[in-house]
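This note is offered to a colleague meeting the structure for the first time. The points below may be read alongside the sequence and the coordinates.

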Amino acid sequence: MVTWIVLAVVLFALLVLVLAARPVLARLPRLERAALALLQRQGQAEALASRAETLQERLVVLQRQAEVTQQRLILIKAKHGE
């Protein structure tokens, strides 16, 4: 008699476990697609960050060139003004 009660409790617990796990297992494909989309966006963000860093470095170079050009222009104006 006790064996049947224990068996019934175990089977009931397994049934509850299966019913609780079913919605989670049903969402796994959507979660996987979302995870893949996030990984793709992460790759895009890293590429953009790299591109932004390259552009920042180029901006620094251009700024230095503009400063040198401005100094040369001041010198040229000074020579013509004498």
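1. The expected span of a helix is taken as 1.5 Å times one less than its number of residues. The model under review is predicted, and its helix H1 may be judged by that rule. H1 has 80 residues, and the distance from its first C-alpha to its last is 112 Å, close to the expected 118 Å.

2. The secondary structure of the protein consists of one helix and zero strands. The radius of gyration is 35 Å, well over the 12 Å that the globule rule gives for 82 residues, so the protein is more spread out than a compact globule. Along its principal axes, the C-alpha trace spans about 115 × 20 × 10 Å.

3. The helix H1, which covers residues 2-81, contains a kink. The kink is about 40° and lies at Leu28, shortly before the proline Pro29. Pro29 also serves as a reference point for Gln65, a residue of H1: the two are 36 residues apart along the chain, and their C-alpha atoms are separated by 54 Å.

4. How much of the protein counts as buried? The share is 0% of the 82 residues. A residue would need under 20% relative accessible area to be called buried. The protein exposes about 8,000 Å², of which carbon and sulfur atoms supply 68%.

5. Individual residues of H1 illustrate the classes of exposure. Thr3, placed in this helix, is exposed because its relative accessible area of 60% lies over the 50% cut-off. Gln65 has 44% relative accessibility and therefore counts as partly exposed. Val68, likewise located in H1, is partly exposed, with a relative accessible area of 38%.

6. A nonpolar patch on the surface deserves attention. Its members are Val2, Trp4, Val6, Leu7, Val10, Leu11, Leu14 and Leu17, and together they have about 830 Å² of accessible area. One of them, Val6, is found in H1; with 47% relative accessibility, Val6 counts as partly exposed.

7. Which distances separate residues that lie far along the chain from one another? Thr3 and Glu67 are 64 residues apart in sequence, and their C-alpha atoms are 91 Å apart in space. For Val68 and Leu25, the separation is 43 residues in sequence and 65 Å in space, C-alpha to C-alpha.

8. In summary, the predicted model has one helix and zero strands. The helix H1 has an end-to-end C-alpha distance of 112 Å and carries a kink at Leu28. None of this is accompanied by a buried interior, since 0% of the residues count as buried under the cut-off of 20% relative accessible area.

How values were computed. Residues are numbered from 1 along each chain as its sequence is written. This is a predicted model: local features need pLDDT of at least 70, side-chain atom pairs count only at pLDDT 80 or more; totals for chains, interfaces and linings use all residues. Side-chain values use heavy atoms; hydrogens and water are left out. Patches are made of residues with over 30% relative accessible area and no salt bridge: like charges are joined within 9 Å, nonpolar side chains (Val, Leu, Ile, Met, Phe, Trp, Tyr) within 5 Å. Accessible areas come from the Shrake-Rupley method with a 1.4 Å probe; for residues, only the protein chains shown count as cover. A salt bridge is a side-chain nitrogen of Lys or Arg within 4 Å of a carboxyl oxygen of Asp or Glu. Helices (H or I, at least four residues) and strands (E, at least two) are DSSP runs, numbered from the N terminus. Buried means under 20% relative accessible area, exposed over 50%, partly exposed in between (1.4 Å probe, protein chains only). The bend at a residue is the angle between axes fitted to the seven residues ending there and the seven starting there. The radius of gyration is taken over C-alpha atoms; the globule rule is 2.2 Å times the number of residues to the power 0.38.
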